[in-house]
Amino acid sequence: MSSSSAESTAFRSALEVVRSVEPRVAAAIGAELTDQRESLKLIASENYASPATLLAMGNWFSDKYAEGTVGRRFYAGCQNVDTVEALAAEHARELFGAAHAYVQPHSGIDANLVAFWAVLADRVEAPALRRAQARHVNDLTEQDWYALRRELGNQRMLGMSLDAGGHLTHGFRPNISGKMFDQRSYGTDPATGLIDYDKVAETAREFKPLILVGGYSAYPRKVNFRILREIADSVGATFMVDMAHFAGLVAGKVFTGDFDPVPHAHIVTTTTHKSLRGPRGGMVLCGPELADQVDRGCPMVLGGPLPHVMAAKAVALAEARRPDFADYAQRIVNNAQALADGLLRRGAKLVTGGTDNHLVLIDVTSYGLTGRQAEQALLDSGIVTNRNAVPQDPNGAWYTSGIRIGTPALTTRGLGTAQMDETAELIHTVLGQTTPGAGADGTASKAKYVLDDAVAEKVSQRAGELLAAFPLYPSVELS
Ligand code: PLP
(Lines give C-alpha, C1' and ligand atoms only; values in the text may rest on other atoms or scores of the structure.)
Protein backbone atom coordinates (compact mmCIF):
# COMPACT_ATOMS: atom_id res chain seq x y z
CA MET A 1 0.00 0.00 0.00
CA SER A 2 1.43 3.40 -0.94
CA SER A 3 1.80 5.88 1.88
CA SER A 4 -0.84 8.13 0.36
CA SER A 5 -3.47 5.43 0.25
CA ALA A 6 -2.36 4.38 3.75
CA GLU A 7 -3.12 7.92 4.94
CA SER A 8 -6.52 7.96 3.25
CA THR A 9 -7.37 4.59 4.74
CA ALA A 10 -6.22 5.69 8.20
CA PHE A 11 -8.30 8.88 8.30
CA ARG A 12 -11.29 7.28 6.59
CA SER A 13 -11.32 4.34 9.00
CA ALA A 14 -10.93 6.62 12.01
CA LEU A 15 -13.90 8.71 10.88
CA GLU A 16 -15.98 5.63 10.29
CA VAL A 17 -15.38 4.53 13.88
CA VAL A 18 -16.24 8.00 15.22
CA ARG A 19 -19.35 8.12 13.00
CA SER A 20 -20.63 4.89 14.51
CA VAL A 21 -20.84 6.61 17.91
CA GLU A 22 -21.59 10.27 17.19
CA PRO A 23 -22.06 10.99 13.50
CA ARG A 24 -22.27 14.75 14.08
CA VAL A 25 -18.68 14.80 15.35
CA ALA A 26 -17.49 12.81 12.33
CA ALA A 27 -19.37 15.22 10.08
CA ALA A 28 -17.78 18.25 11.79
CA ILE A 29 -14.29 16.75 11.41
CA GLY A 30 -14.92 16.16 7.71
CA ALA A 31 -16.37 19.66 7.31
CA GLU A 32 -13.29 21.17 8.99
CA LEU A 33 -11.05 19.52 6.40
CA THR A 34 -13.25 20.90 3.60
CA ASP A 35 -13.17 24.42 5.12
CA GLN A 36 -9.40 24.31 5.56
CA ARG A 37 -8.97 23.08 2.01
CA GLU A 38 -11.16 25.82 0.59
CA SER A 39 -9.99 28.90 2.48
CA LEU A 40 -6.94 31.01 1.86
CA LYS A 41 -5.47 30.69 5.34
CA LEU A 42 -3.26 33.62 6.21
CA ILE A 43 -3.45 33.40 9.99
CA ALA A 44 0.17 33.86 11.03
CA SER A 45 -0.10 31.49 14.00
CA GLU A 46 -1.67 28.57 12.14
CA ASN A 47 -0.27 25.81 9.98
CA TYR A 48 -1.09 22.31 8.71
CA ALA A 49 0.58 19.47 10.62
CA SER A 50 1.63 16.39 8.67
CA PRO A 51 -0.62 13.29 8.52
CA ALA A 52 1.98 11.44 10.62
CA THR A 53 1.83 14.14 13.30
CA LEU A 54 -1.98 14.15 13.29
CA LEU A 55 -2.22 10.37 13.43
CA ALA A 56 0.26 10.11 16.32
CA MET A 57 -2.28 11.96 18.48
CA GLY A 58 -5.32 9.75 18.03
CA ASN A 59 -4.56 6.77 20.25
CA TRP A 60 -4.46 5.19 23.68
CA PHE A 61 -1.59 7.38 24.93
CA SER A 62 -4.42 9.79 25.62
CA ASP A 63 -5.59 7.44 28.40
CA LYS A 64 -2.38 7.47 30.42
CA TYR A 65 -1.55 9.58 33.45
CA ALA A 66 2.16 10.35 33.70
CA GLU A 67 2.74 13.17 36.18
CA GLY A 68 6.44 13.70 36.81
CA THR A 69 9.25 13.41 34.30
CA VAL A 70 10.97 10.63 32.37
CA GLY A 71 11.94 7.82 34.77
CA ARG A 72 10.50 9.71 37.76
CA ARG A 73 6.72 9.44 37.63
CA PHE A 74 4.00 9.68 40.23
CA TYR A 75 2.16 6.88 38.38
CA ALA A 76 3.12 3.31 37.54
CA GLY A 77 3.29 1.90 34.03
CA CYS A 78 4.73 4.94 32.25
CA GLN A 79 7.50 3.17 30.32
CA ASN A 80 5.98 3.93 26.91
CA VAL A 81 5.25 7.52 27.82
CA ASP A 82 8.89 7.73 28.91
CA THR A 83 9.89 6.57 25.44
CA VAL A 84 7.95 9.25 23.55
CA GLU A 85 8.71 12.05 26.00
CA ALA A 86 12.44 11.23 25.87
CA LEU A 87 12.33 11.10 22.07
CA ALA A 88 10.53 14.44 21.77
CA ALA A 89 13.01 16.05 24.19
CA GLU A 90 15.98 14.57 22.33
CA HIS A 91 14.71 15.85 18.98
CA ALA A 92 14.06 19.28 20.51
CA ARG A 93 17.56 19.47 22.04
CA GLU A 94 19.22 18.42 18.80
CA LEU A 95 17.07 20.65 16.62
CA PHE A 96 17.60 23.81 18.65
CA GLY A 97 21.00 23.08 20.17
CA ALA A 98 19.60 23.35 23.69
CA ALA A 99 21.03 21.66 26.77
CA HIS A 100 17.59 20.82 28.16
CA ALA A 101 14.11 20.49 26.68
CA TYR A 102 10.83 20.11 28.56
CA VAL A 103 8.12 18.96 26.17
CA GLN A 104 5.11 18.65 28.47
CA PRO A 105 3.45 22.08 28.28
CA HIS A 106 -0.03 21.78 26.82
CA SER A 107 0.18 25.15 25.11
CA GLY A 108 2.32 28.25 24.72
CA ILE A 109 0.70 29.96 27.68
CA ASP A 110 1.45 26.93 29.84
CA ALA A 111 5.07 26.93 28.67
CA ASN A 112 5.35 30.57 29.73
CA LEU A 113 3.87 29.82 33.15
CA VAL A 114 6.39 27.01 33.61
CA ALA A 115 9.19 29.39 32.66
CA PHE A 116 7.96 32.14 34.99
CA TRP A 117 7.79 29.68 37.85
CA ALA A 118 11.27 28.32 37.09
CA VAL A 119 12.77 31.80 37.08
CA LEU A 120 10.95 32.87 40.24
CA ALA A 121 12.01 29.70 42.04
CA ASP A 122 15.58 30.21 40.85
CA ARG A 123 15.88 33.89 41.58
CA VAL A 124 13.61 34.92 44.43
CA GLU A 125 15.55 34.91 47.64
CA ALA A 126 12.61 34.46 50.04
CA PRO A 127 13.86 32.21 52.86
CA ALA A 128 10.45 30.52 53.00
CA LEU A 129 10.76 29.62 49.33
CA ARG A 130 14.18 28.10 49.94
CA ARG A 131 12.75 26.01 52.78
CA ALA A 132 9.77 24.99 50.68
CA GLN A 133 12.15 23.95 47.89
CA ALA A 134 14.16 21.95 50.39
CA ARG A 135 10.95 20.02 51.07
CA HIS A 136 10.40 21.28 54.59
CA VAL A 137 7.01 22.59 53.58
CA ASN A 138 5.38 21.40 56.78
CA ASP A 139 7.78 23.52 58.84
CA LEU A 140 6.59 26.75 57.26
CA THR A 141 4.54 29.08 59.41
CA GLU A 142 1.58 31.16 58.25
CA GLN A 143 3.91 34.15 58.32
CA ASP A 144 6.38 32.36 56.05
CA TRP A 145 3.62 31.66 53.55
CA TYR A 146 2.50 35.27 53.69
CA ALA A 147 6.06 36.50 53.07
CA LEU A 148 6.44 33.99 50.25
CA ARG A 149 3.27 35.14 48.48
CA ARG A 150 4.26 38.77 48.89
CA GLU A 151 7.73 38.20 47.43
CA LEU A 152 6.66 35.96 44.57
CA GLY A 153 3.85 38.30 43.59
CA ASN A 154 5.91 41.45 43.54
CA GLN A 155 8.65 40.64 41.11
CA ARG A 156 9.27 42.72 38.03
CA MET A 157 8.82 41.79 34.40
CA LEU A 158 9.72 43.85 31.35
CA GLY A 159 8.25 42.65 28.05
CA MET A 160 7.17 43.97 24.69
CA SER A 161 3.85 45.82 24.80
CA LEU A 162 0.84 44.21 23.22
CA ASP A 163 0.26 46.97 20.67
CA ALA A 164 3.91 46.81 19.59
CA GLY A 165 3.50 43.08 18.90
CA GLY A 166 4.14 41.41 22.27
CA HIS A 167 1.94 38.62 23.60
CA LEU A 168 -0.59 38.98 26.38
CA THR A 169 1.46 36.61 28.55
CA HIS A 170 4.38 39.04 28.45
CA GLY A 171 2.85 41.18 31.19
CA PHE A 172 -0.36 42.43 29.60
CA ARG A 173 -2.80 43.40 32.36
CA PRO A 174 -5.75 41.08 31.54
CA ASN A 175 -3.38 38.08 31.69
CA ILE A 176 -2.10 36.59 34.94
CA SER A 177 1.43 37.73 34.01
CA GLY A 178 0.28 41.34 34.20
CA LYS A 179 -1.32 40.74 37.59
CA MET A 180 1.29 38.64 39.37
CA PHE A 181 4.24 40.71 38.14
CA ASP A 182 4.97 44.35 38.66
CA GLN A 183 5.02 44.96 34.94
CA ARG A 184 6.51 47.47 32.53
CA SER A 185 6.67 47.21 28.75
CA TYR A 186 8.86 48.37 25.93
CA GLY A 187 7.41 49.46 22.61
CA THR A 188 8.75 50.35 19.21
CA ASP A 189 10.07 53.55 17.70
CA PRO A 190 7.01 55.50 16.47
CA ALA A 191 8.90 56.61 13.34
CA THR A 192 10.22 53.23 12.20
CA GLY A 193 8.07 50.69 14.04
CA LEU A 194 11.30 48.92 15.07
CA ILE A 195 12.44 47.96 18.55
CA ASP A 196 14.57 50.77 19.94
CA TYR A 197 17.23 48.82 21.87
CA ASP A 198 18.61 51.96 23.55
CA LYS A 199 15.15 52.69 24.89
CA VAL A 200 14.79 49.10 26.12
CA ALA A 201 18.15 49.47 27.90
CA GLU A 202 17.06 52.76 29.46
CA THR A 203 13.76 51.28 30.72
CA ALA A 204 15.60 48.22 32.04
CA ARG A 205 18.08 50.44 33.93
CA GLU A 206 15.25 52.39 35.53
CA PHE A 207 12.96 49.46 36.25
CA LYS A 208 15.47 46.70 37.06
CA PRO A 209 13.26 43.74 36.03
CA LEU A 210 13.80 40.24 37.37
CA ILE A 211 12.77 38.93 33.94
CA LEU A 212 13.34 40.57 30.57
CA VAL A 213 11.08 38.97 27.95
CA GLY A 214 11.88 38.95 24.24
CA GLY A 215 9.63 37.54 21.53
CA TYR A 216 6.37 38.56 19.92
CA SER A 217 3.12 37.64 18.20
CA ALA A 218 2.89 40.49 15.73
CA TYR A 219 6.28 42.08 15.11
CA PRO A 220 7.32 41.62 11.49
CA ARG A 221 11.07 41.90 11.98
CA LYS A 222 14.06 40.00 13.32
CA VAL A 223 14.97 40.63 16.95
CA ASN A 224 18.58 40.93 18.02
CA PHE A 225 18.72 38.58 20.99
CA ARG A 226 22.41 39.20 21.62
CA ILE A 227 21.66 42.85 22.39
CA LEU A 228 18.68 41.96 24.58
CA ARG A 229 20.85 39.50 26.52
CA GLU A 230 23.45 42.22 27.07
CA ILE A 231 20.71 44.50 28.40
CA ALA A 232 19.43 41.74 30.69
CA ASP A 233 22.95 41.08 31.99
CA SER A 234 23.58 44.77 32.61
CA VAL A 235 20.66 44.90 35.07
CA GLY A 236 20.92 41.38 36.47
CA ALA A 237 17.71 40.17 34.78
CA THR A 238 16.98 36.66 33.60
CA PHE A 239 16.51 36.76 29.84
CA MET A 240 13.52 34.77 28.58
CA VAL A 241 12.51 34.50 24.93
CA ASP A 242 9.10 33.34 23.76
CA MET A 243 9.75 32.13 20.21
CA ALA A 244 6.24 30.70 19.75
CA HIS A 245 5.76 32.44 16.43
CA PHE A 246 9.14 32.01 14.82
CA ALA A 247 10.33 28.65 16.21
CA GLY A 248 10.10 27.20 12.69
CA LEU A 249 12.47 29.87 11.40
CA VAL A 250 14.94 29.05 14.19
CA ALA A 251 14.57 25.32 13.53
CA GLY A 252 15.07 25.89 9.79
CA LYS A 253 18.21 28.01 10.44
CA VAL A 254 16.76 31.12 8.85
CA PHE A 255 17.36 32.91 12.14
CA THR A 256 20.93 32.29 13.20
CA GLY A 257 23.65 34.14 15.16
CA ASP A 258 22.26 37.18 16.96
CA PHE A 259 18.74 36.28 15.78
CA ASP A 260 18.66 32.74 17.20
CA PRO A 261 17.41 33.10 20.78
CA VAL A 262 18.63 29.74 22.05
CA PRO A 263 22.33 30.59 22.61
CA HIS A 264 21.47 33.99 24.08
CA ALA A 265 18.51 33.42 26.39
CA HIS A 266 18.56 31.79 29.82
CA ILE A 267 15.23 30.22 29.00
CA VAL A 268 13.23 29.88 25.78
CA THR A 269 9.57 28.97 25.42
CA THR A 270 7.65 28.08 22.30
CA THR A 271 4.50 26.64 20.88
CA THR A 272 4.86 23.64 18.60
CA HIS A 273 1.95 24.31 16.25
CA LYS A 274 2.76 27.59 14.51
CA SER A 275 5.70 27.93 12.09
CA LEU A 276 7.18 24.75 13.63
CA ARG A 277 4.26 22.80 12.06
CA GLY A 278 3.72 20.35 14.91
CA PRO A 279 0.75 19.45 17.12
CA ARG A 280 -0.90 22.05 19.38
CA GLY A 281 1.35 22.36 22.40
CA GLY A 282 4.28 24.08 24.08
CA MET A 283 7.90 23.48 25.05
CA VAL A 284 10.58 25.01 27.25
CA LEU A 285 14.31 25.00 26.44
CA CYS A 286 16.97 26.01 28.92
CA GLY A 287 20.47 25.41 30.22
CA PRO A 288 21.32 23.03 33.07
CA GLU A 289 20.90 25.78 35.72
CA LEU A 290 17.13 26.01 35.26
CA ALA A 291 16.47 22.42 34.17
CA ASP A 292 15.38 21.09 37.58
CA GLN A 293 12.93 23.91 38.14
CA VAL A 294 11.54 23.61 34.62
CA ASP A 295 11.01 19.88 35.10
CA ARG A 296 8.76 20.68 38.06
CA GLY A 297 6.28 22.19 35.59
CA CYS A 298 3.95 19.26 36.24
CA PRO A 299 2.38 19.30 38.79
CA MET A 300 3.57 22.79 39.82
CA VAL A 301 1.75 24.62 37.04
CA LEU A 302 0.55 21.94 34.61
CA GLY A 303 -1.89 19.10 34.89
CA GLY A 304 -0.85 15.61 33.81
CA PRO A 305 1.09 15.58 30.55
CA LEU A 306 -0.64 14.73 27.26
CA PRO A 307 1.37 11.69 26.13
CA HIS A 308 -0.44 11.48 22.77
CA VAL A 309 0.59 15.07 22.03
CA MET A 310 4.16 14.40 23.17
CA ALA A 311 4.21 11.49 20.70
CA ALA A 312 3.09 13.88 17.98
CA LYS A 313 5.71 16.42 19.08
CA ALA A 314 8.37 13.73 18.66
CA VAL A 315 7.13 13.05 15.11
CA ALA A 316 6.93 16.73 14.13
CA LEU A 317 10.34 17.53 15.63
CA ALA A 318 11.83 14.59 13.73
CA GLU A 319 10.33 16.10 10.57
CA ALA A 320 11.81 19.49 11.42
CA ARG A 321 15.27 17.92 11.69
CA ARG A 322 15.13 16.79 8.05
CA PRO A 323 17.02 18.92 5.53
CA ASP A 324 13.83 19.88 3.63
CA PHE A 325 12.56 21.75 6.69
CA ALA A 326 15.28 24.40 6.23
CA ASP A 327 14.04 24.87 2.68
CA TYR A 328 10.46 25.16 3.99
CA ALA A 329 11.49 27.77 6.57
CA GLN A 330 13.27 29.86 3.95
CA ARG A 331 10.25 29.67 1.64
CA ILE A 332 8.02 30.95 4.48
CA VAL A 333 10.14 34.11 4.66
CA ASN A 334 10.44 34.47 0.87
CA ASN A 335 6.68 34.25 0.62
CA ALA A 336 6.09 36.80 3.39
CA GLN A 337 8.47 39.21 1.68
CA ALA A 338 6.79 38.67 -1.70
CA LEU A 339 3.40 39.26 -0.08
CA ALA A 340 4.68 42.44 1.59
CA ASP A 341 6.18 43.69 -1.69
CA GLY A 342 2.95 42.97 -3.55
CA LEU A 343 0.93 44.90 -0.99
CA LEU A 344 3.38 47.82 -0.89
CA ARG A 345 3.38 48.08 -4.70
CA ARG A 346 -0.39 48.39 -4.59
CA GLY A 347 -0.17 51.19 -2.01
CA ALA A 348 -0.85 49.39 1.28
CA LYS A 349 0.76 50.70 4.46
CA LEU A 350 2.71 48.08 6.39
CA VAL A 351 3.98 48.37 9.94
CA THR A 352 7.81 48.73 9.67
CA GLY A 353 7.40 48.93 5.88
CA GLY A 354 7.91 45.21 5.28
CA THR A 355 8.96 41.99 6.94
CA ASP A 356 11.92 39.75 7.58
CA ASN A 357 10.01 36.90 9.17
CA HIS A 358 6.79 35.00 8.48
CA LEU A 359 4.31 37.79 9.11
CA VAL A 360 3.10 41.07 7.69
CA LEU A 361 1.08 43.66 9.58
CA ILE A 362 -1.15 45.83 7.37
CA ASP A 363 -2.21 49.17 8.82
CA VAL A 364 -5.74 49.26 7.42
CA THR A 365 -6.41 52.86 8.46
CA SER A 366 -4.89 53.72 5.08
CA TYR A 367 -7.97 52.02 3.56
CA GLY A 368 -10.19 53.95 5.99
CA LEU A 369 -11.08 50.75 7.88
CA THR A 370 -10.73 49.26 11.33
CA GLY A 371 -9.14 45.84 11.74
CA ARG A 372 -12.56 44.39 12.59
CA GLN A 373 -14.13 45.66 9.37
CA ALA A 374 -11.17 44.50 7.28
CA GLU A 375 -11.07 41.04 8.90
CA GLN A 376 -14.77 40.43 8.20
CA ALA A 377 -14.66 41.77 4.64
CA LEU A 378 -11.71 39.47 3.88
CA LEU A 379 -13.50 36.53 5.47
CA ASP A 380 -16.56 37.20 3.27
CA SER A 381 -14.14 36.88 0.34
CA GLY A 382 -12.69 33.53 1.41
CA ILE A 383 -9.53 34.96 2.99
CA VAL A 384 -8.95 34.05 6.63
CA THR A 385 -6.82 36.53 8.62
CA ASN A 386 -6.99 38.10 12.05
CA ARG A 387 -7.28 41.66 13.16
CA ASN A 388 -4.41 42.93 15.28
CA ALA A 389 -3.44 46.10 17.08
CA VAL A 390 -0.78 48.28 15.48
CA PRO A 391 1.65 50.38 17.55
CA GLN A 392 -0.17 53.22 19.34
CA ASP A 393 -3.42 51.85 17.94
CA PRO A 394 -6.18 54.49 17.83
CA ASN A 395 -8.88 51.81 17.76
CA GLY A 396 -7.76 49.78 20.79
CA ALA A 397 -7.27 46.04 21.17
CA TRP A 398 -10.82 44.98 20.22
CA TYR A 399 -11.50 46.81 16.94
CA THR A 400 -7.82 47.44 16.16
CA SER A 401 -6.32 49.12 13.10
CA GLY A 402 -4.36 46.21 11.69
CA ILE A 403 -4.63 42.93 9.85
CA ARG A 404 -1.94 40.37 10.61
CA ILE A 405 -1.17 37.92 7.87
CA GLY A 406 1.36 35.12 7.80
CA THR A 407 2.68 32.59 5.33
CA PRO A 408 3.51 29.33 7.20
CA ALA A 409 0.24 27.60 6.24
CA LEU A 410 0.16 28.59 2.56
CA THR A 411 3.84 27.67 2.28
CA THR A 412 3.03 24.21 3.65
CA ARG A 413 0.46 23.85 0.84
CA GLY A 414 3.22 24.66 -1.64
CA LEU A 415 2.27 28.18 -2.70
CA GLY A 416 5.29 30.25 -3.73
CA THR A 417 6.22 33.84 -4.43
CA ALA A 418 4.22 34.05 -7.68
CA GLN A 419 1.06 33.11 -5.82
CA MET A 420 1.88 35.69 -3.13
CA ASP A 421 1.59 38.48 -5.66
CA GLU A 422 -1.83 37.17 -6.62
CA THR A 423 -2.73 36.94 -2.92
CA ALA A 424 -1.65 40.57 -2.40
CA GLU A 425 -3.89 41.54 -5.31
CA LEU A 426 -6.88 39.76 -3.74
CA ILE A 427 -6.32 41.36 -0.32
CA HIS A 428 -5.86 44.81 -1.82
CA THR A 429 -8.99 44.42 -3.96
CA VAL A 430 -11.13 43.58 -0.93
CA LEU A 431 -9.70 46.26 1.34
CA GLY A 432 -9.78 48.87 -1.41
CA GLN A 433 -13.43 48.18 -2.14
CA THR A 434 -14.70 47.96 1.43
CA THR A 435 -16.08 51.10 3.07
CA PRO A 436 -17.01 51.71 6.70
CA GLY A 437 -20.68 51.20 7.49
CA ALA A 438 -23.04 52.90 9.92
CA GLY A 439 -24.79 51.57 13.00
CA ALA A 440 -28.60 51.28 13.30
CA ASP A 441 -28.78 54.89 14.50
CA GLY A 442 -26.83 56.14 11.50
CA THR A 443 -23.61 56.91 13.39
CA ALA A 444 -20.20 55.66 12.24
CA SER A 445 -19.52 52.08 13.27
CA LYS A 446 -16.15 50.43 13.91
CA ALA A 447 -17.60 47.02 13.08
CA LYS A 448 -20.02 47.53 10.20
CA TYR A 449 -18.77 47.73 6.64
CA VAL A 450 -20.03 47.70 3.10
CA LEU A 451 -18.62 45.35 0.47
CA ASP A 452 -20.36 44.56 -2.77
CA ASP A 453 -21.33 40.86 -2.81
CA ALA A 454 -20.10 40.59 -6.37
CA VAL A 455 -16.59 41.69 -5.33
CA ALA A 456 -16.52 39.23 -2.43
CA GLU A 457 -17.73 36.45 -4.68
CA LYS A 458 -15.22 37.17 -7.42
CA VAL A 459 -12.30 37.28 -4.95
CA SER A 460 -13.50 34.13 -3.28
CA GLN A 461 -13.65 32.39 -6.64
CA ARG A 462 -10.14 33.55 -7.55
CA ALA A 463 -8.84 32.42 -4.16
CA GLY A 464 -10.45 29.02 -4.76
CA GLU A 465 -8.79 28.71 -8.16
CA LEU A 466 -5.43 29.66 -6.65
CA LEU A 467 -5.77 27.01 -3.94
CA ALA A 468 -6.99 24.31 -6.32
CA ALA A 469 -3.50 24.11 -7.80
CA PHE A 470 -2.06 23.42 -4.32
CA PRO A 471 -4.33 20.83 -2.70
CA LEU A 472 -4.20 20.48 1.05
CA TYR A 473 -3.46 16.93 2.26
CA PRO A 474 -3.50 15.59 -1.30
CA SER A 475 -2.86 12.12 0.09
CA VAL A 476 -6.10 12.15 2.08
CA GLU A 477 -9.38 11.28 0.36
CA LEU A 478 -12.29 10.94 2.75
CA SER A 479 -14.83 9.63 0.26
N1 PLP B 1 3.33 33.14 23.04
C2 PLP B 1 3.18 33.77 21.88
C3 PLP B 1 4.27 34.70 21.42
C4 PLP B 1 2.04 33.59 21.11
O5 PLP B 1 1.87 34.24 19.96
C6 PLP B 1 1.03 32.69 21.59
C7 PLP B 1 -0.21 32.42 20.85
O8 PLP B 1 -0.68 33.08 20.03
C9 PLP B 1 1.23 32.07 22.81
C10 PLP B 1 2.39 32.30 23.51
C11 PLP B 1 0.19 31.19 23.41
O12 PLP B 1 0.11 29.98 22.78
P13 PLP B 1 -1.13 28.98 23.09
O14 PLP B 1 -2.29 29.51 22.35
O15 PLP B 1 -0.65 27.66 22.62
O16 PLP B 1 -1.32 29.01 24.57
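User: What makes the Ser107 side chain a polar contact of the ligand?

Analyst: A polar side-chain atom of Ser107 sits 3.2 Å from a ligand oxygen atom. A polar contact is a pair of N or O atoms within 3.5 Å, so the Ser107 pair qualifies. This is a predicted model, where local features need pLDDT of at least 70, side-chain atom pairs count only at pLDDT 80 or more, and totals for chains, interfaces and linings use all residues. Residues are numbered from 1 along each chain as its sequence is written, and side-chain values use heavy atoms, with hydrogens and water left out.

User: Which ligand atom does Asp242 approach, and what about the backbone of Ile109?

Analyst: An N or O atom in the Asp242 side chain is 2.6 Å from a nitrogen atom of the ligand. For Ile109, a backbone N or O atom lies 2.9 Å from a ligand oxygen atom.

User: How do you know how much of the ligand is covered?

Analyst: On its own, the ligand has 390 Å² of accessible area, and the protein covers 84% of that. Such areas come from the Shrake-Rupley method with a 1.4 Å probe.

User: Why is the space lined by Asp163 and Pro391 called a cavity?

Analyst: On a 1 Å grid over the protein atoms alone, a cavity is a set of points where a 1.4 Å probe fits but cannot get out, and lining residues have an atom within 4 Å of a point. The count is one cavity of 30 Å³ or more, and the largest cavity has a volume of about 30 Å³. Its lining includes Asp163, Thr188, Val351 and Pro391.

User: Why is the largest cavity placed between domains?

Analyst: Domain 1 (68-320) and domain 2 (325-468) both contribute lining residues, so the largest cavity lies between them. These bounds come from an automatic or database domain assignment. The domain centres, taken over C-alpha atoms, are 31 Å apart. In the contact (heavy atoms within 4.5 Å), domain 1 supplies 26 residues and domain 2 supplies 26 residues.

Conventions. Polar contact = N/O pair within 3.5 Å; in protein donor to acceptor, adjacent residues only side chain to side chain. 1 Å grid on protein atoms, 1.4 Å probe; cavity = no way out; pocket = protein on both sides within 12 Å on 5 of 7 lines; lining within 4 Å. Points joined across faces, edges and corners; volume = space filled by probe spheres on them.
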